Amino acid sequence: LKTSFMKWKPDYDSAASEYAKAAVAFKNAKQYDQAKDAYLREAESHQNNRAFFHAAKAYEQAGMMLKSKVFSKRGASKQEMQQLGEAVLLIEKASMMFIENGTPDTAAMALDRAGKLIENVNLNKAVELYQQAASVFENEERLRQSVELLGKVSRLLVRSRRLDEAAVSLLKEKNMYKEIENYPTCFKKTIAQVLVQLHRNDYVAADKCVRESYSIPGFNGSEDAIALEQLLEGFDEQDQDQVSAICNSPLFKYMDNDYAKLALSLRVPGGGVKKSPASPQEAAGTTGKAASHAAEDDDEYSSGLC
């Protein structure tokens with residue numbers, strides 16, 4: 001990279017090529033730290049040469065070397081697992097450069113990979129990365145890819161018990177499926193919405209989710225609609241047996257694991273003591289007592305005022 005009288009500027013292109021070859025050699029030798037450093041030098045050379053797409057690819061590869069280092073060992077230490085955070089930062093940097101270079105789809109895919117990388121270590125960071133990727137795809141009007149990532153967001157929010165945010169995410173996810181006319185999946189998202197709202201102890205919101213879904217073609221009379229009506233009825237009547245029977249049905253048990261767990265753990269308010277309507281005899285007794293009290297009041301004032 002040195003300059004001379006006959007060489008006015010460094011040859012960044014050749015330098016980047018050599019660093020890339022070195023990185024591959026280190027990678028094949030499983031020397032991941034050296035491979036990461038070589039990729040970072042390659043990225044720097046591409047940046048100096050204003051080849052931002054190639055720089056972004058090199059930054060992403062540097063992050064993947066840290067991943068390879070961590071997962072190449074059995075029982076990685078806590079300190080080594082923390083290096084996944086550094087890997088994610090490098091991939092995020094790459095995604096920003098992809099966007100600036102006019103390749104947002106590549107940026108979104110990089111963010112998706114970063115989310116998968118950190119998901120088992122830091123759920124909150126994974127949610128953030130998936131949300132960013134979904135937004136990029138949505139801005140590019142690639143709704144199918146966007147809604148798939150929103151699904152990951154919703155599931156992770158449920159898993160981390162961030163139910164208020166999960167309710168918002170599920171609504172957006174359901175509306176997007178409605179927009180692309182994937183109606184059967186809308187039905188499943190309605191079930192997920194109801195489970196989340198009932199776990200939030202918001203029966204009114206759960207009922208609203210079902211009522212609004214009747215505008216979706218095919219929902220009325222569907223297996224999903226019937227099951228949800230029975231679930232809401234059981235919950236309102238505090239009938240734990242009915243709620244458990246619905247939640248243990250195949251329709252609920254074979255949902256995504258995070259929602260199936262919500263179903264199996266759903267408990268009605270009041271400890272499951274079913275509301276029982278008054279029997280005819282009790283009702284008659286109550287009416288008789290009321291009539292007796294009324295008669296006594298009439299007798300008291302029958303003689304008029306003194």
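Biologist: Which residues are exposed on the other side of H1?

Modeller: This is a predicted model, in which local features need pLDDT of at least 70 and side-chain atom pairs count only at pLDDT 80 or more, while totals for chains, interfaces and linings use all residues. Residues are numbered from 1 along each chain as its sequence is written, and side-chain values use heavy atoms, with hydrogens and water left out. H1 is a helix, that is, a DSSP run of H or I with at least four residues, numbered from the N terminus. Taking buried as under 20% relative accessible area, exposed as over 50% and partly exposed as in between (1.4 Å probe, protein chains only), the exposed residues on the other side of H1 are Lys21 and Asn28.

Biologist: How wide an arc do the buried residues of H1 cover around the axis?

Modeller: The buried residues of H1 are Ala15, Ala16 and Ala23. They are on the same side of H1 because their arc, taken from the directions from the helix axis to the C-beta atoms, is only 95°.

Biologist: Against which helix do the buried residues of H1 pack?

Modeller: Ala23, one of these buried residues, is 11 residues from Gln34 in sequence, yet their C-alpha atoms are 7.3 Å apart in space. Gln34 lies in residues 32-48, which form helix H2. With contact meaning heavy atoms within 4.5 Å, the buried residues of H1 pack against H2.

Biologist: What is the relative accessible area of Gln34?

Modeller: Gln34 belongs to helix H2. Gln34 counts as partly exposed because its relative accessible area is 35%.

Key
Helices (H or I, at least four residues) and strands (E, at least two) are DSSP runs, numbered from the N terminus.
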